[in-house]
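Work through the exercises below with the sequence and the coordinates open. Each task is followed by a solution in steps.

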Amino acid sequence: MKVAVIMGSISDMPVMQDAIDILKSFNIEVEVDIVSAHRTPEKLFDFSQNAHLRGISVVIAGAGGAAHLPGMVASMSPLPVIGVPVKSSNSIDGWDSVLSILQMPGGVPVATVALNGAKNAGILAAQIIGSSNKEILDRIIAYKLELKEAVITASENLKK
């Protein structure tokens, strides 16, 4: 069980680090790379067509601007792809990235998280793996319990 976290540019790394960190907290192996849909199309094709052969279970692809990376990977890979729209310097307030990833044609699904929502992408990838791996499922259950307990504690502290 391994998740690939890829991005179109090194400038996406601060956002994508959240996915890497949460996956590692669940003890899921992470492969990280830069795969530009526009600048390295040959690498994109190779990655997309062979990731499943290298033991990748889920792909998280972050991209800004035109954000073609997640959709292009999904068009060539049999793996689930989670797209992370990244608000980049050339972005139209992030909406271009959100819509580029969200509006995929029928037959080429990309699960899309919120703008800069790489942490949720990592959690979703872990949940996908957890659907067939009890060890990861148990870690997800424990994580969600921690979230619940944090809210209860905050609520109690607020009333003091």
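The exercises concern a predicted model.

**Exercise 1. The sheet**

Task: Determine the order of the strands in the open sheet, and state which are the edge strands.

Solution:
- Step 1. The open sheet is formed by 5 strands, and their order is β2-β1-β3-β4-β5.
- Step 2. The strands pair in parallel fashion.
- Step 3. β2 and β5 each pair on one side only, which makes them the edge strands.
- Step 4. For the pairing of β4 with β5, count the bridges: there are 2, and the two strands run parallel. G83 has T112 of β5 as its bridge partner.

**Exercise 2. Helices on the sheet**

Task: For α1 and α3, find which strands each touches and what angle it makes with a strand.

Solution:
- Step 1. Helix α1 packs on the sheet and touches β1 (2-7), β2, β3 and β4. The direction of α1 makes about 175° with that of β1.
- Step 2. Helix α3 also packs on the sheet, with β1, β3 and β4 as the strands touched. Here the angle is about 150°, taken between the directions of α3 and β3.

**Exercise 3. Buried residues of α3 and α4**

Task: Explain why α3 is described as largely enclosed by the rest of the structure, then list the buried residues of α4 and what covers them.

Solution:
- Step 1. A residue counts as buried under 20% relative accessible area.
- Step 2. In α3 the buried residues are L69, P70, G71, V73, A74 and M76.
- Step 3. That is 6 of the 8 residues of α3, so the helix is largely enclosed by the rest of the structure.
- Step 4. The buried residues of α3 pack against β1, α2 (41-50), β3, β4 and α4.
- Step 5. In α4 (residues 95-102), the residues D96, S97, V98 and I101 are buried. Their cover includes β3 (56-64), α3 (69-76), β4 (81-86) and β5 (111-112).

**Exercise 4. The crossing of α1 and α5**

Task: Describe how α1 and α5 cross, and sort the residues of their contact by type.

Solution:
- Step 1. Two packed helices are described by the angle between their axes and the distance between the axes.
- Step 2. The axes of α1 (residues 13-25) and α5 (residues 118-130) come within 7 Å and cross at roughly 35°. The crossing is right-handed.
- Step 3. From α1, the contact uses V15, M16, D18, A19, I22 and L23; from α5, A118, K119, G122, I123, A125 and A126.
- Step 4. By type, these contact residues are 9 nonpolar, 1 polar and 2 charged.

**Exercise 5. The aromatic pair**

Task: Classify the geometry of the pair formed by F26 and Y143, and decide whether each residue is buried or exposed.

Solution:
- Step 1. The structure holds 1 aromatic pair.
- Step 2. The ring centres of F26 and Y143 are 5.4 Å apart, with 80° between the planes. Planes over 60 degrees apart count as edge-to-face, so this pair is edge-to-face.
- Step 3. F26 lies in the loop between α1 and β2 (29-34), whereas Y143 lies in helix α6 (residues 134-158). The two are 117 residues apart, and the pair links distant parts of the chain.
- Step 4. F26 has a relative accessible area of 3% and is therefore buried. Y143, at 14%, is buried too.

**Exercise 6. M13**

Task: Place M13 in the structure and list its contacts beyond four places in sequence.

Solution:
- Step 1. M13 lies in helix α1.
- Step 2. Its relative accessible area of 21% makes M13 partly exposed.
- Step 3. Leaving aside neighbours within four places in sequence, M13 is in contact with M7, I20 and V32.
- Step 4. From M13 to I34 is 21 residues in sequence and 9.1 Å in space, C-alpha to C-alpha.

Conventions
Residues numbered from 1 in each chain as written. Predicted model: local features only at pLDDT ≥ 70, side-chain atom pairs only at ≥ 80, totals over all residues. Heavy atoms only, no water. Axes fitted to C-alpha atoms, helices over the stretch in contact; angles between N-to-C directions. Left-handed = near helix turned anticlockwise from the far one by under 90°. Contact = heavy atoms within 4.5 Å. Nonpolar A, V, L, I, M, F, W, Y, C, P; charged D, E, K, R; others polar. Phe/Tyr/Trp six-rings, centres within 6.5 Å; stacked < 30°, edge-to-face > 60°. Buried < 20%, exposed > 50% of the residue type's maximum accessible area, 1.4 Å probe, protein only. Pairing = 2+ DSSP bridges.
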